[in-house]
Amino acid sequence: MRNALFLALTLFAAPAAAASDSPMENADYAFVDITVVSMESPVPAPNRTVLVKGGRILSVGPSDEGSIPAGAIRIDGSGKFLMPGLADMHAHVGFDFLPGRTGERAELLLYLATGVTTLRNAAGSRASLALARAVENGELTGPRIENASPVLEGENAVWGFSTRVLSAEAARAAVRRFAADGYGSIKIYHTLSRESYEAVADEARGLGIPFIGHVPFEVGVEEVLTDGQASIEHFRGYDIDGLSPDVLEIDGGRSAERFASWLQMSDARMDELVRATVAAGTWNCPTFVINSMLIHADRLDAYADHPMATYMPADFIARFRDSGLEALFSPESRDMLRQARPQMLKFLKKLHDAGAGVMTGTDTFPSLVPGFTLIDELGAFVEAGLSPYEALQAATAKPSNYLGYADTRGRIQPGMAADLVLLGANPLDDIDNLWKLDGVMANGRWLERETLLAMLKELAARPR
């Protein structure tokens, strides 16, 4: 993304006034004389009035027609652009959430401060379920959260926090338990055995709950597509062609040999994988930004030193500086990711052009800045050859389609949820214009930029 940190300065200017922790709720709003980027068309609609009532879009029409309800809060849209809120479809938030703690509250506000109003939490916990409920109930201000289950792993588990399932019956029991707990999808990892994976797939299909994640090394991408996996994360699985499980398990599946497979993939093979993905209806969330952080590890300190740090709790800054993210990947692996990046961008463009589902996500780790990295991810989609409109669809309408909310979220139409972003410039002209955020509405709650920043500043001054 071109000069993203510099561009962010326009967003993180000092707020003019203090703000309440409880934004006005259940108010009616009128965005007047606004240009609407509805995500239904690549052509923006100027001179519109958008009425919001009860957290829903009531109407969208020409500003010189109709009337504004008495008592509605008017927001002047002259020279501004209104678009649906963005979705980060591979986030990590609230794994050990505790009510009253400032950290998660600050993370949620940081997402909103860059227009993110929907999160798919890619590895959930009972605590993250509680966080999602707190947002839904209005106890916390932040994006809507869709929680995947805790990660299911096999014998050679990579993560200590994962749930290990070592038999088909254990896998089935875990799927049943997670479905009953209320998770929206089942998260699988590449260490699952074939037996366990097939049991997860069968049990999840029977319960009607999607399963998502990596491609188990013992299974392979083509079988995963045949089994109906709902989404593949980070393109992990397309990059294991011709490699044995023993080679793939080196360094927890993060070896240079693995990523080198992108360089060995022929156009014919890539096209074959694209066709299989389209036929399966499987979505992809490539998370280019996490690779960029690995390739350019010095960028982590750049974020920690950025003026935005004054709006974040001190422990945020500490974890950015000492995340250990780059230590998970060898220098050889990071260099191979750099070499493979053009092939991965090419694969994204082929998937998009063929009609496969693609959506934006960041793998927001403790070392990544919530929200900010999603704008960088959108920049990578444009770099791959998508237009700004096509990239924005992958962050708005398409995630809503994937989640089953095509009729209620992700577009600016009457009846849709009022998850909205107000911008000072047209994002269809330049994705960088997403940095020019003037305000955000999350589930009908309106927050001007100054209000958001004041809330963040106040949280940063509190103990965790």
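Me: Before we look inside this structure, a definition: a pocket is an open set of points on a 1 Å grid over the protein atoms alone, with protein on both sides within 12 Å along at least five of seven lines. What volume does the second largest pocket have?

Reply: This is a predicted model, where local features need pLDDT of at least 70, side-chain atom pairs count only at pLDDT 80 or more, and totals for chains, interfaces and linings use all residues. Residues are numbered from 1 along each chain as its sequence is written, and side-chain values use heavy atoms, with hydrogens and water left out. Grid points are joined across faces, edges and corners, and a volume is the space filled by probe spheres set on the points. On that basis, the second largest pocket has a volume of about 570 Å³.

Me: Good to know! Which element gives the largest share of the lining of that second largest pocket?

Reply: Lining residues have an atom within 4 Å of a point, and of the 31 that line this pocket, Ala132, Val135, Glu136, Arg144 and Asn443 are the closest to its centre. Helices (H or I, at least four residues) and strands (E, at least two) are DSSP runs, numbered from the N terminus. Two or more lining residues come from helix H3 (126–136) and from strand S8 (144–153). The largest share, five residues, belongs to H3.

Me: And closed spaces: which element gives the most to the lining of the largest cavity?

Reply: A cavity is a set of points where a 1.4 Å probe fits but cannot get out, and the structure holds two of 30 Å³ or more. The largest has a volume of about 120 Å³. Its lining has 16 residues, with Gly85, Thr118, Ser400, Arg409 and Gly410 nearest the centre. With three residues, the top contributor is H16.

Me: Which strand gives the largest share of the lining of the second largest cavity?

Reply: This cavity has a volume of about 30 Å³. Its lining consists of Asp28, Tyr29, Leu51, Val52, Lys53, Leu58 and Pro69. Three of the lining residues come from residues 45–53, which form strand S2.

Me: Why is strand S1 (residues 29–36) largely enclosed by the rest of the structure?

Reply: Buried means under 20% relative accessible area, exposed over 50%, and partly exposed in between (1.4 Å probe, protein chains only). S1 is largely enclosed because, of its eight residues, the number buried is seven.

Me: Lovely. In S2, which residue is the bridge partner of Ala30?

Reply: Two strands pair if DSSP finds at least two bridges between them. S1 and S2 run antiparallel, joined by five bridges. In S2, the partner of Ala30 is Leu51.
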